[in-house]
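Me: I would like to go through this model with you, one site at a time. Could you put it on screen first?

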Amino acid sequence: MLPAIAWRGRSLVMIDQRKLPGQEVYVHCRTYIQVAQAIEKMVVRGAPAIGIAAAYGLALGVMALGAESGRSIDRDFERIYLRLERTRPTARNLFWALERMKAVYDRTRAEGLKAVRTALLDEAKAIEQEDADINRAIGRYGQALLADGWTVLTHCNAGALATAEYGTALGVVRAAAAEGKRIKVFADETRPFLQGARLTVWELDRDGIPVVLITDSMAGWFMRRGEIQAVVVGADRIARNGDTANKIGTYTVAVLAKENRVPFYVAAPTSTIDLALADGAGIPIEERGPDEVRTVGGRLVTLPDAEVRNPAFDVTPAAYITAIVTERGVHRPPYEKNLGKG
Ligand code: MRU
C-alpha cells in the first residue's frame, strides 16, 4: 500500500482520503499553501499524518523563497509557519512537528538559505521515519493487551492512513495479528466524516484483518451482549492527567465501555501528549462546517439550512481510560505520575 503521504522530489503526494474507498486519487502539493489547504479539507488527516504533512509543507515553503543575498527570511518563515499552524487546532502533533521544524530553522538560519532548506527537508523526513518506528513500538506494547479470539472496537481511523505507516490503534491490531492472534475489528462508521466506514474498513480489508462495520449507535448494544472484548482508539491530544481528545463520539464509546466493563485503550505517540495542559478542559476543539452533518456522501439528508453543530472532537476524561499505550510502553493511572515514565 502506498503510504498516505510520500515525498517525491519537489512535491508532497497524498492519497485523497475524502475519495476513499471509491476512488484512489493522489493529490500533488507543490506549495505550502496547497499543503495547508489539503490539511484543512482533510485530503490528509489523522494527528501524526497532519504533523508530517505540515513539516513537509514548511520545507516546501522555504524551498520556494528566493535567495537574495543578505535578506533575512525570518518574516517569510513566520508567515509560512503561521499559515500551516492555523489549519486544524486540535491535533497536538501539528504544533509539535512545526515546533521541531522551527528549532531546526533557528539552529541553521545563520548558515544561509541553502543550509536551511537542506536541514528542514531532512527534519521532515526524520519526523516521518520516526513516526513509522514509533507506531511499530506502540504495536509491540499494545498487542500484549489483546488476547487470541477477541473482537476489538475502534472509532475513526487511527491506522496507516493517519500516520507515516502501520497506525497507532490499528498498529496494535496489526501487531496482535502478526503474533498469530485471531482478532476481529468492529469499526464504528464515525459520523459525520465516516472515517470508520470509508477508511478503517478499507485499510483492514486490504490487510486481510477481519472487520465488521457498525453504525455509531450500535456499539453499546454489542458491548452489552458481550461481543466486544476491548476498545482501542487513537488520540489527537492528551493532557498531563490523561484526559484525551479524539474523534467526536469517542467519549460516548468510553462511557459505554466502562458501564459494560470493557477495557478502553488509547494508543498514541508521545508527540500527542501536551504537557502544557493540566487537564482536558484546555484542549481546543475544532468546529467544522455544517454541511458535513447535513449531508451523507454528498447527499443532503435534512433541510439545506438546518441548524447544525459539528465539533470534530470530544474529550474523554482519564477516569474512563484503562491504559494509554505509547512508544515507551503501557501507561496506567494515575497518568499524571505515569505518563512521563518509560
Ligand atoms: O478528523 P480526523 O480524521 O483528523 O481525526 C482523526 C482522529 O481522531 C484519530 O483518531 C487521531 O488523529 C489519531 S490518528 C493516529
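Reply: One term first: a polar contact is a pair of N or O atoms within 3.5 Å; within protein, one must be able to donate a hydrogen and the other to accept it, and residues adjacent in sequence count only if both atoms are side-chain atoms. The model is predicted, with local features needing pLDDT of at least 70 and side-chain atom pairs pLDDT 80 or more, while totals for chains, interfaces and linings use all residues. Numbering runs from 1 along each chain as its sequence is written, and side-chain values use heavy atoms, without hydrogens and water.

Me: Fine. How many residues surround the ligand, and which are the closest?

Reply: The ligand has 18 residues around it, each with a heavy atom within 4 Å of it. Arg45, Ala47, Gln195, Asn246 and Lys247 are the closest.

Me: Which atom of Ala47 is 2.8 Å from a ligand oxygen?

Reply: In Ala47, a polar backbone atom is 2.8 Å from an oxygen atom of the ligand.

Me: And what do the side chains of Arg88 and Asn246 do there?

Reply: Arg88 places a polar side-chain atom 2.8 Å from a ligand oxygen. For Asn246, an N or O atom in the side chain is 2.6 Å from an oxygen atom of the ligand. The ligand has 410 Å² of accessible area on its own, and the protein covers 99% of that area (Shrake-Rupley method, 1.4 Å probe).

Me: Which secondary-structure elements each supply at least two residues of the shell?

Reply: Helix α2, residues 47–63, and strand β9, residues 244–247, each do so. Helices (H or I, at least four residues) and strands (E, at least two) are DSSP runs, numbered from the N terminus.

Me: Changing topic: is Arg237 buried or exposed?

Reply: Arg237 is buried, at 7% relative accessible area; buried means under 20%, exposed over 50% and partly exposed in between, with a 1.4 Å probe and protein chains only. Arg237 belongs to strand β8, residues 237–239.

Me: What does the side chain of Arg237 reach?

Reply: It reaches the backbone oxygen of Pro89 at 3.1 Å. The Arg237 side chain also makes a polar contact with the side chain of Asp274, at 2.6 Å.

Me: Now the backbone. Where is the peptide bond with omega of about 5°?

Reply: That cis bond joins Arg191 and Pro192. Pro192 sits in the loop between β5 (184–188) and α7 (195–207). The peptide bond from Pro333 to Pro334 is cis as well, with omega near 0°. Pro334 is in the loop between β16 (329–331) and α11 (335–338).

Me: What is the phi of Thr190, and where does Thr190 lie?

Reply: Thr190 has a positive phi of about 70°, although it is not a glycine. Its place is in the loop between β5 and α7, and Thr190 is buried because its relative accessible area is 0%.

Me: What about Tyr166?

Reply: Tyr166 is not a glycine, yet its phi is positive at about 75°. The residue lies in the loop between β4 (151–154) and α6 (169–178). With a relative accessible area of 15%, Tyr166 counts as buried.

Me: Next, distances. How far apart are the C-alpha atoms of Leu113 and Leu65?

Reply: They are separated by 8.5 Å, with their positions 48 residues apart along the chain. Leu113 is in helix α5, residues 113–143, and is buried at 14% relative accessibility.

Me: Ala132 is in helix α5 too. How far is Ala132 from Ser72?

Reply: Their C-alpha atoms are 35 Å apart, for a separation of 60 residues along the chain. Ala132 is buried, with 5% relative accessible area.

Me: What can you say about Lys102?

Reply: Lys102 is part of helix α4, residues 92–108. Its relative accessibility is 34%, so Lys102 counts as partly exposed. Ala55 is 47 residues from Lys102 in sequence and 9.6 Å from it, C-alpha to C-alpha.

Me: Last one: where is Pro311, and how far in space from Ile285?

Reply: Pro311 lies in the loop between β13 (299–300) and β14 (313–316). The C-alpha to C-alpha distance from Pro311 to Ile285 is 6.7 Å, and the two are 26 residues apart in sequence. Pro311 is partly exposed, at 25% relative accessible area.
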